[in-house]
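Good morning, colleagues, and thank you for the time. Please take a moment to look at the sequence and the structure before I begin.

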Amino acid sequence: MLDIELIRKKPEFLKRRLAERDKELAKLIDKILYIDKERRKTITQIENLRALRNRKSKEIGVLRREGKNTSLLEEEVRKLKEEIEKEEKKLFTLQKEFRSLMLNIPNIPHESVPSGEGEEDNVEVRRWGDPKKVNFKVKPHWEIGERLGILDFKKGATLAGSRFTVLKSAGATLERSLINFMLDFHINRGYKEIIPPHMVRPEILEGTGQLPKFEEDLYKCEKDNLFLIPTAEVPLTNLFRGEILREEDLPIYLTAYTPCYRREAGSHGKDIRGIIRQHQFNKVELVKIVSPENSYEELEKLVRDAEEILRLLKLPYRVVELCAGDLGFSASKTYDIEVWFPSQGKYREVSSCSNCEDFQARRMNTRYRDSSGKIRFVHTLNGSGLAVGRTLAAILENYQRPDGSIEIPEVLRDYVKADTIYPS
RNA sequence: GGAGAGGUGGCCGAGUGGCCGAAGGCGGCCGCUUGCUAAGCGGCAGAGGGUUAAUAGCCCUCCGAGGGUUCGAAUCCCUCCCUCUCCGCCA
């Protein structure tokens, strides 16, 4: 949620910044400004009426104790009450409209974010590692996985439909090993491990920005009014909702492994083969709650932490900075980390690291008291460290050998307890 | 799932219709005193919002959330959420 104070004071600045994302957004600002004016006018009116009512009610109390008749005053207050109720109804409608507008405006891009409309305008920041040169024809990970008997797409479809996959034997072990490897690494870097619920209430998703706008992308358990989490960012970031933290509590570093559940409503036909785009996938997530002064330093460090996993796995990758038009709803600035997929001759996203500044903090009402005693909103950051399934796919593709076997990256061998996956 | 108890400020806890944004304690902050990592004394301190140049005043709201009764609700009624105890079921 944006700061209404800022919208009032610098509407033109905001319109300019938001237009970087989407030209339509500027209109919303004018609409909000109008509603805000109306609602404040109504609030002032109601409060004046209430002040009058409070005074008269108190007077009634005093007169009664003196044993005097108060029926005339009572009648007056009754009339006031009716007037107040009328205005309150008006205010209720205005507030609802106001809130809904506020909740549907995305975050403003940070000034450093490159302008552009979509993926093609993202800016590469750095590259690491050289794609291996091989003298055989590389296979896509789904062929490798099926041949090795570790990825079973047919069974996935039998059990749950398309975009579900069954991992078997060494595939399942490799997935689990990756999770442990990633968690161990991040814990070592000072992140606190969390196992959160995988189902959350609607207001929790509103806190991080998935609701109300993106309900279509979520799985819902209608009967219990709970949603399956699309990422661990949701429960982790909301861990401190409604709290006023002490400055010395910050920064907070959290990590969690969870499955992520996404309906992929808008991506029909995309990445239909393999395990790149699944309805359920595993992810190790990183979340930071920090003070506003250093959130951008923290973002750089967060990216490095995620990158380090790929370096240790010796997988070639690049880091791109998302342009304004490609930015997620809650993010001010985002770096994607993309790993090399030789069969596609492309880098594909395995991590997205964002600084949401105070956008989520406002929605969740997460604040802290700074050294001068002032209460301020925290900044929240999140990043994948990393998407496990995609990392597994990248390993299959980058570590394939001509005989169809897979070399297991060195750092994983103690976890997998093997150095090669052979066809079974 | 059944029966019962309860949710008050950073924490503990009093408060069953007006003088309660809320006693008291602990903790916190500021001062004073004391020859000293303590004790004593005095003082300050909740959150959100409206108005405003104002972090000044004035006003409104907030005692789990939302409704209702009433001239007036932390206090009475209803619904929901959560916590605890007992029973049932269960990995």
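Let me begin with a definition: a residue is called buried when its relative accessible area is under 20%, exposed when that value is over 50%, and partly exposed in between. Please also bear in mind that what you see is a predicted model.

I turn to the salt bridges. A search of the whole structure finds 39 of them, and I shall discuss three.

In one of them, the side chains of Asp36 and Arg8 meet at 2.6 Å, N to O. This pair links distant parts of the chain, for Asp36 belongs to helix H3, residues 25–65, while Arg8 belongs to helix H1, residues 4–9, and 28 residues separate the two. Are these two partners buried or exposed? Asp36 has a relative accessible area of 1%, so this residue is buried. Arg8 has 26% relative accessibility and therefore counts as partly exposed. Asp36 and Arg8 also take part in a network of salt bridges, in which they are linked with Glu5, Lys9, Arg39 and Arg40.

Next, consider Glu264 and Arg277, whose side chains meet in a salt bridge of 3.5 Å, N to O. Glu264 and Arg277 are both in the loop between strand E9, residues 252–261, and strand E10, and they are 13 residues apart. By the definition I gave at the start, Glu264 is buried, and Arg277 is buried as well.

The loop between E9 and E10 also holds Asp271, which is paired with Arg348 in strand E13; the pair therefore ties together parts that are 77 residues apart in sequence. The salt bridge between the side chains of Arg348 and Asp271 has an N to O distance of 2.9 Å. Arg348 and Asp271 are both buried.

Strand E13 leads us to the strands with which it is associated. E13 covers residues 346–355 and is joined to strand E16 by three bridges, the two strands running antiparallel. Within this pairing, Ser354 has Asn382 of E16 as its bridge partner. Strand E10, residues 280–290, is likewise antiparallel to E16, and seven bridges join them. Here Val290 stands opposite His379 in E16. How many residues of strand E16 are buried? E16 spans residues 379–387, and nine of its nine residues are buried.

Elsewhere, an open sheet of three strands has the order E5-E7-E6, with antiparallel pairing. Why is one side of E5 and of E6 left without a neighbour in the sheet? Strand E5, 199–200, and strand E6, 220–221, stand at the edges and each has a single partner strand, so one side of each remains without a neighbour. E5 is joined by two bridges to strand E7, residues 226–228, and these strands run antiparallel. Val200 stands opposite Phe227 in E7.

Finally, I come to the surface. Which residues gather there in a patch of negative charge? They are Glu117, Glu119, Glu120, Asp121 and Glu349. Asp121 is located in the loop between helix H4, 71–103, and strand E1, 123–128. With a relative accessibility of 31%, Asp121 counts as partly exposed, because that class lies between the cut-offs of 20% and 50%.

To close, I would ask you to keep two places in view: strand E16, with nine of its nine residues buried, and the patch of negative charge on the surface that includes Asp121. Thank you for your attention.

Terms used:
Residues are numbered from 1 along each chain as its sequence is written. Chains are lettered from A and ligands numbered from 1 in the order in which they are written. This is a predicted model: local features need pLDDT of at least 70, side-chain atom pairs count only at pLDDT 80 or more; totals for chains, interfaces and linings use all residues. Side-chain values use heavy atoms; hydrogens and water are left out. Patches are made of residues with over 30% relative accessible area and no salt bridge: like charges are joined within 9 Å, nonpolar side chains (Val, Leu, Ile, Met, Phe, Trp, Tyr) within 5 Å. Accessible areas come from the Shrake-Rupley method with a 1.4 Å probe; for residues, only the protein chains shown count as cover. A salt bridge is a side-chain nitrogen of Lys or Arg within 4 Å of a carboxyl oxygen of Asp or Glu. Lys and Arg count as positive and Asp and Glu as negative; His and the chain ends are not counted. The place of a charge is taken as NZ of Lys, CZ of Arg, CG of Asp or CD of Glu. Helices (H or I, at least four residues) and strands (E, at least two) are DSSP runs, numbered from the N terminus. Buried means under 20% relative accessible area, exposed over 50%, partly exposed in between (1.4 Å probe, protein chains only). Two strands pair if DSSP finds at least two bridges between them.
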